[in-house]
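Let's take a walk through a protein model together. Have a look at the sequence and the 3D view, and then we will go through the side chains step by step.

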Amino acid sequence: MEQDNKKFIQLVKDYKITFGSDEGKRILDDLKKRSHFYNTTHVKGDSHESAYYEGQRSLVVFIESLINHKE
């Protein structure tokens, strides 16, 4: 269990380093624009497309949660 926690802490540090750089910030901003981060993912009448867009969005939400994680 402690080993898993150490791996998670290292992963958080890696994400913070990667997306904390100027290049990483630009990439994250681009990912947010491409993944419907700022918009609804609901597509009226098309649950498959809605799920597809939400899957894209959820990855960026995950990245954001790691780089904003308090240690």
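How many salt bridges does a search of the whole structure find? The search turns up 5 salt bridges. Keep in mind as you read that this is a predicted model. Side chains of opposite charge can pair when their charged atoms come close.

Let's begin with helix α2, which covers residues 22-34. Here the side chains of Asp30 and Arg34 form a salt bridge, with 2.7 Å from N to O. Asp30 and Arg34 are 4 residues apart in helix α2, so about one helical turn separates them. Of these two partners, Asp30 is partly exposed, at 32% relative accessible area, while Arg34 is exposed, at 59%.

Helix α2 also holds Lys33 and Asp29, whose side chains meet in a salt bridge of 3.1 Å, N to O. Lys33 and Asp29 are 4 residues apart in the helix, so they too are separated by about one helical turn. Lys33 counts as exposed because its relative accessible area, 58%, is over the 50% mark. Asp29 has a relative accessible area of 33% and is partly exposed.

Now move along to helix α3, residues 47-67. There, Arg57 and Glu54 join their side chains in a salt bridge of 3.4 Å, N to O. Arg57 and Glu54 are 3 residues apart in helix α3, which again puts about one helical turn between them. Arg57, at 25% relative accessibility, is partly exposed, and Glu54 is partly exposed at 32%.

Arg57 has another partner to show you: its charged end sits over the ring of Phe37, 6.0 Å from the ring centre. Phe37 is partly exposed, with a relative accessibility of 21%.

That ring brings us to the aromatic residues. The structure holds 4 aromatic pairs. A pair of aromatic rings is described by the distance of the centres and the angle of the planes. Take Tyr15 and Phe62: their ring centres are 6.1 Å apart and their planes stand at 90 degrees, so this pair is edge-to-face. Tyr15 belongs to helix α1 (residues 2-20) and Phe62 to helix α3, so the pair ties together parts that are 47 residues apart in sequence. Tyr15 is partly exposed, at 21% relative accessible area, and Phe62 is partly exposed as well, at 39%.

Phe37, which we met under Arg57, forms an edge-to-face pair with Tyr38, with 5.2 Å from centre to centre and 90 degrees between the planes. Tyr38 counts as exposed, at 53% relative accessibility. Elsewhere, Tyr15, Phe19 and Phe62 form one aromatic cluster.

Phe19 leads us to the inside of the model. In soluble globular proteins, nonpolar side chains tend to be buried together. Which residues make up the largest nonpolar core? This core has 5 residues: Phe19, Leu28, Val60, Ile63 and Ile67. Helix α3 gives the most to the core, with 3 residues.

To see how the core is knit together, pick out Leu28. Leaving aside residues up to four places away in sequence, Leu28 touches Phe19, Val60, Ile63 and Ile67, and also Glu64. So Phe19 is worth finding in the 3D view, because Phe19 belongs both to the aromatic cluster and to the largest nonpolar core, a set of buried residues.

Terms used
Residues numbered from 1 in each chain as written. Predicted model: local features only at pLDDT ≥ 70, side-chain atom pairs only at ≥ 80, totals over all residues. Heavy atoms only, no water. Core = buried A, V, L, I, M, F, W, Y, C linked by side-chain atoms within 4.5 Å. Buried < 20%, exposed > 50% of the residue type's maximum accessible area, 1.4 Å probe, protein only. Helix = DSSP H or I, 4+ residues; strand = E, 2+ residues; numbered from the N terminus. Contact = heavy atoms within 4.5 Å. Phe/Tyr/Trp six-rings, centres within 6.5 Å; stacked < 30°, edge-to-face > 60°. Lys NZ or Arg CZ within 6 Å of the ring centre and 35° of its normal. Salt bridge = Lys/Arg side-chain N within 4 Å of Asp/Glu carboxyl O.
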